[in-house]
Amino acid sequence: MIKGKTDIVHEYEYSNVRPWTNKEVDIFEFDKIFIPVHVTDHWFCMAIFMNEQTIEVLDSFKGGYGKLLEVVFKYLSDEHQHRKGKPLPGKWKLYHRSDKNILCQTNGFDCGVYTCMNADRLSLIDKAEFKNDDSTTIY
């Protein structure tokens with residue numbers, strides 16, 4: 001979906017992604033939504049925390065993906081308008097780097113594993129209470 005140096009914000013069209021959820025799925029009933037993302041040769045996760053009204057990048061390399069944050073927020077806004085018939089309420093915050101204590105990889109090839117581990121841990125608990133040394137003893 002993302003190739004080269006395309007401008008993803010200007011390429012986004014809600015009509016292209018609207019069918020991804022159906023009438024039975026109301027994403028606004030979930031507390032947390034995790035979106036795995038693959039860009040070039042790297043995996044990371046975007047997380048939507050509905051109760052906190054935040055969208056955050058959970059990247060084990062601590063990279064920033066501001067344009068993708070904008071696209072996810074635009075999708076969320078469009079989905080709310082489409083499903084609920086009104087604008088997305090509240091003042092949402094977008095974080096290029098999550099303030100949650102996520103695990104960071106120490107090599108250049110385990111990003112997929114860390115993407116899954118960080119999303120899994122944050123899906124189960126309200127606040128991540130682990131440190132990077134825990135990454136070898138999680139399971």
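Here are a few short exercises on the salt bridges and one helix of this predicted model, each with a worked solution.

**Exercise 1. Find how many salt bridges the whole structure holds, and work out which parts the pair Asp 26 and Lys 84 ties together.**

Solution. Start with the count: a search of the whole structure gives three salt bridges. Next, look at the pair itself. The side chains of Asp 26 and Lys 84 meet with an N to O distance of 2.6 Å, which is within the 4 Å cut-off for a salt bridge. Now place the two partners. Asp 26 sits in the loop between α2 (14–17) and β1, while Lys 84 belongs to helix α3 (residues 66–84), so this salt bridge links parts that are 58 residues apart in sequence.

**Exercise 2. Decide whether Asp 26 is buried or exposed, and do the same for Lys 84.**

Solution. Keep the cut-offs in mind: buried means under 20% relative accessible area, exposed means over 50%, and partly exposed is in between. Asp 26 has 17% relative accessibility, so Asp 26 counts as buried. Lys 84 has 37%, so Lys 84 counts as partly exposed.

**Exercise 3. Work through the salt bridges of Lys 74 with Asp 78 and of Arg 83 with Glu 79.**

Solution. Take Lys 74 and Asp 78 to begin with. Their side chains meet at 3.1 Å, N to O. Both residues lie in helix α3, four residues apart, or about one turn of the helix. A helix has 3.6 residues a turn, so residues three or four places apart point the same way. As for accessibility, Asp 78 is buried at 17%, whereas Lys 74 is partly exposed at 42%.

Move on to Arg 83 and Glu 79. Their closest N and O atoms are 2.8 Å apart. This pair, too, lies in helix α3 with a spacing of four residues, about one turn. Glu 79 is buried, at 1% relative accessibility, and Arg 83 is partly exposed, at 26%.

**Exercise 4. Compare the reach of helix α4 with the expected value, then find what covers its buried residues.**

Solution. Helix α4 runs over residues 111–124, which makes 14 residues. From first C-alpha to last it reaches 20 Å, close to the 20 Å expected at 1.5 Å a residue. Now list the buried positions of α4: Cys 111, Tyr 114, Thr 115, Met 117, Asn 118, Ala 119, Arg 121 and Leu 122. Finally, look at the cover over these residues, which includes β1 (32–39), β2 (42–49) and β3 (54–58).

Key:
Residues are numbered from 1 along each chain as its sequence is written. This is a predicted model: local features need pLDDT of at least 70, side-chain atom pairs count only at pLDDT 80 or more; totals for chains, interfaces and linings use all residues. Side-chain values use heavy atoms; hydrogens and water are left out. Helices (H or I, at least four residues) and strands (E, at least two) are DSSP runs, numbered from the N terminus. The expected span of a helix is 1.5 Å times one less than its number of residues. Buried means under 20% relative accessible area, exposed over 50%, partly exposed in between (1.4 Å probe, protein chains only). Contact means heavy atoms within 4.5 Å.
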